[in-house]
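Subject: Structure handover

Hi,

Here is the structure for you to look over. My notes follow below it.

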Amino acid sequence: MRDYERDLNDLLKRSRRIKRAQLLEELRTRGGSFDAQISKTVQEGNPELQRTTEELQSSSQQILLQASLLESTNWGRVKRDHAEAGHLIRQAEWALGIVSAVTLLVSIWVSYTLPRQVIKPLLSLKEAVDQAAEGNFEIEFDVQGKGEIVDLVDSLRRMLEAVRQKA
């Protein structure tokens with residue numbers, strides 16, 4: 001009995017390096033050899049112990065069968081969960097791709113819209129100020145809309161009107 005216990009302890013110590021299927025097979029083999037040793041001892045001794053041994057063998061076989069069924073059920077769950085995780089990853093990749101594409105399109109749109117609404121009025125204002133600096137106070141500004149740039153153009157118009165009246 002002690003030898004069998006030491007043998008199982010050694011097997012469990014090595015279990016991290018052994019594949020699960022191989023470990024189960026070794027456990028079955030060693031359990032079977034232990035049962036055979038007990039049967040041999042019992043057959044030589046008491047017949048009532050022989051009956052108990054047979055019942056123990058039968059129950060150990062049932063336990064091993066249930067363990068095998070449990071392992072296959074759990075492995076099926078692992079496979080199903082793995083497939084579901086892969087599906088979720090693919091969905092996340094699609095969503096990220098769509099968000100990236102929309103972000104790219106919005107940034108391109110902004111890069112074309114911003115110059116029209118901000119840069120062009122500023123360039124027009126710069127040209128008008130340059131002409132006023134040369135002495136041409138009859139400048140017409142073509143700036144429309146709302147915001148600080150339009151307010152600045154209105155202030156410049158008032159300033160040029162004041163300069164025209166003094167001149």
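Start with the surface: Trp94, Ile98, Val102, Val106, Trp109, Val110, Leu114, Val118, Ile119, Leu122 and Leu123 make a nonpolar patch of about 1100 Å². Bear in mind that this is a predicted model.

One member of the patch is Val110. Val110 sits in helix H3. Its relative accessibility is 38%, so Val110 counts as partly exposed. That value also clears the patch cut-off of over 30%.

Another member of the patch, Trp109, has a polar partner. Its backbone oxygen is 2.8 Å from a polar side-chain atom of Thr113. Thr113 is in helix H3. Is Thr113 buried or exposed? Thr113 is buried, because its relative accessible area is 16% and the cut-off is under 20%.

Now the overall layout. The chain has 4 helices and 0 strands. Along the sequence the pattern reads α-α-α-α. Of the 167 residues, 16% are buried. The accessible surface is about 13900 Å². Carbon and sulfur atoms account for 58% of that surface. Take the contacts between residues at least 6 apart in sequence: 35% of them join residues at least 24 apart.

Next, the interior. Which residues make up the largest nonpolar core? There are 7: Leu125, Ala128, Ala132, Ile139, Val153, Leu156 and Leu160. Helix H3 (47–133) supplies at least two residues of this core, and so does helix H4 (148–166). As background, nonpolar side chains tend to be buried together in soluble globular proteins.

Last, the charged pairs. How many salt bridges does a search of the whole structure find? The search finds 2.

- Asp130 and Lys126: the closest N and O atoms are 2.9 Å apart. Both residues lie in helix H3, 4 residues apart, or about one turn of the helix. Asp130 is partly exposed at 37% relative accessibility. Lys126 is partly exposed too, at 48%.
- Asp154 and Arg157: the closest N and O atoms are 3.2 Å apart. These two residues are 3 apart in helix H4, so about one helical turn separates them. Asp154 has 29% relative accessibility and counts as partly exposed. Arg157 is partly exposed as well, at 32%.

Over to you.

Best wishes

Terms used. Residues numbered from 1 in each chain as written. Predicted model: local features only at pLDDT ≥ 70, side-chain atom pairs only at ≥ 80, totals over all residues. Heavy atoms only, no water. Core = buried A, V, L, I, M, F, W, Y, C linked by side-chain atoms within 4.5 Å. Buried < 20%, exposed > 50% of the residue type's maximum accessible area, 1.4 Å probe, protein only. Contact = heavy atoms within 4.5 Å. Areas by Shrake-Rupley, 256 points an atom, 1.4 Å probe, with all protein chains shown as cover. Patch = residues over 30% accessible without salt bridge, like charges linked within 9 Å, V, L, I, M, F, W, Y side chains within 5 Å. Salt bridge = Lys/Arg side-chain N within 4 Å of Asp/Glu carboxyl O. Polar contact = N/O pair within 3.5 Å; in protein donor to acceptor, adjacent residues only side chain to side chain.
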